Amino acid sequence: MKLKRDALVLVVDGSRMLLLRNNGSVAEPDLAVVEHRQFESEPNRTLFADAPGLSAAKLHPGRSTHDQGDPHREREIEFCRSAAALLDKVLLEGEGDVIVVAPPQALGELRRHYSKEVSVRLTGEVAKDLVKHPVGDITRLLLAYED
């Protein structure tokens with residue numbers, strides 16, 4: 001994959017995000033961190049520790065459960081939404097192509113939140129989880145990636 005000068009690379013999963021910009025050339029890319037975000041999401045067992053979960057009715061034998069959703073997943077969706085909003089904000093301030101790197105599930109969520117500007121300038125998507133890799137490894141892996 002070619003990384004043009006001033007290209008933005010968003011590397012994200014459900015709880016970590018790196019926004020990188022190529023300050024180098026196509027021949028010798030130099031990805032620099034523009035912004036880094038991370039949040040620690042507690043597991044569902046902790047989030048539901050004080051929740052009632054079950055209820056008993058005097059009129060009906062047995063118990064019924066309350067659907068509590070998945071707050072862990074909801075937080076990941078909100079994180080992806082905020083990453084897409086940040087990408088849009090940074091794009092409005094400058095030039096350059098956009099490449100998005102995310103695991104398949106996060107990539108699907110990000111696609112739902114791309115602005116028109118992001119969609120127009122999007123030159124590549126990579127369905128891999130690279131957010132825990134050092135920036136040098138991300139650069140190397142993107143250069144070797146065939147779309």
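Does Met17 count as buried or exposed? In this predicted model, Met17 counts as buried, with a relative accessibility of 1%. The residue belongs to strand 2. Its contacts beyond four places in sequence fall on Leu10, Val11, Val12, Glu35, His36, Arg37, Phe79, Ala83, Leu86 and Val131. Cys80 is 63 residues from Met17 in sequence, yet the two C-alpha atoms are 8.8 Å apart in space.

The chain as a whole provides the setting. Its secondary structure amounts to five helices and seven strands. Along the sequence these elements follow the pattern β-β-β-α-β-β-α-β-α-α-β-α. The chain has 147 residues, of which 37% are buried. Among contacts with a separation of 6 or more, 59% link residues 24 or more positions apart. The exposed surface comes to about 8,800 Å². Carbon and sulfur atoms supply 49% of that area.

Five strands form an open sheet in the order 3-2-1-6-7. The pairing is mixed. Strand 3 (31-38) and strand 7 (122-126) occupy the edges. Each has a single partner strand, so one side of each lacks a neighbour in the sheet. From one strand to the next, the twist averages 15°. Strands of a sheet pair through backbone hydrogen bonds, in either a parallel or an antiparallel manner. Strand 6 (residues 98-101) and strand 7 run parallel and are joined by four bridges. One residue pair can be named here: Val101 has Val126 of strand 7 as its bridge partner.

Two helices pack across this sheet. Helix 3 (residues 104-112) lies across strand 1 (8-12), strand 6 and strand 7. Its direction makes an angle of about 155° with strand 7. Helix 5 (residues 135-144) lies across strand 1, strand 2 (16-22), strand 3, strand 6 and strand 7. Relative to strand 3, helix 5 runs at about 115°.

Helix 2 (71-92) precedes the loop that leads to strand 6. Helix 2 has 22 residues, which at 1.5 Å a residue should span 32 Å. The C-alpha atoms at its ends are 32 Å apart, in agreement with that expectation. The buried residues of helix 2 are Pro71, Ile77, Phe79, Cys80, Ala83, Ala84, Leu86, Leu87, Asp88, Val90 and Leu91. Residues three or four places apart in an α-helix point the same way, because there are 3.6 residues a turn. Phe79, Ala83 and Leu86 are among the residues that Met17 touches.

Glu95 offers a contrasting environment. This residue sits in the loop between helix 2 and strand 6. Its relative accessibility is 64%, so Glu95 counts as exposed. Leaving aside neighbours within four places in sequence, Glu95 is in contact with Asp6, Arg21 and Arg121. Ala7 is 88 residues from Glu95 along the chain, but their C-alpha atoms are separated by 7.9 Å.

Which charged side chains pair? Side chains of opposite charge can do so when their charged atoms come close. Nine salt bridges are found in the whole structure. One of them connects Glu125 and Arg111, with an N to O distance of 2.7 Å. Glu125 lies in strand 7 and Arg111 in helix 3, so the pair ties together parts that are 14 residues apart in sequence. Glu125 is partly exposed, with a relative accessible area of 24%. Arg111 is also partly exposed, at 45%.

A further salt bridge joins the side chains of Glu35 and Arg37, at 3.0 Å from N to O. Glu35 has a relative accessible area of 28% and is partly exposed. Arg37 counts as partly exposed at 29%. Both residues also appear among the contacts of Met17.

Asp13 and Arg16 form another salt bridge, their closest N and O atoms being 3.5 Å apart. Asp13 counts as buried, because its relative accessibility of 7% falls under the 20% cut-off. Arg16 reaches 23% and counts as partly exposed.

Definitions and conventions:
Residues are numbered from 1 along each chain as its sequence is written. This is a predicted model: local features need pLDDT of at least 70, side-chain atom pairs count only at pLDDT 80 or more; totals for chains, interfaces and linings use all residues. Side-chain values use heavy atoms; hydrogens and water are left out. Two strands pair if DSSP finds at least two bridges between them. Axes are lines fitted to C-alpha atoms, for helices over the stretch in contact, and angles run from 0 to 180 degrees between N-to-C directions. Contact means heavy atoms within 4.5 Å. Buried means under 20% relative accessible area, exposed over 50%, partly exposed in between (1.4 Å probe, protein chains only). The expected span of a helix is 1.5 Å times one less than its number of residues. Accessible areas come from the Shrake-Rupley method with a 1.4 Å probe; for residues, only the protein chains shown count as cover. A salt bridge is a side-chain nitrogen of Lys or Arg within 4 Å of a carboxyl oxygen of Asp or Glu.
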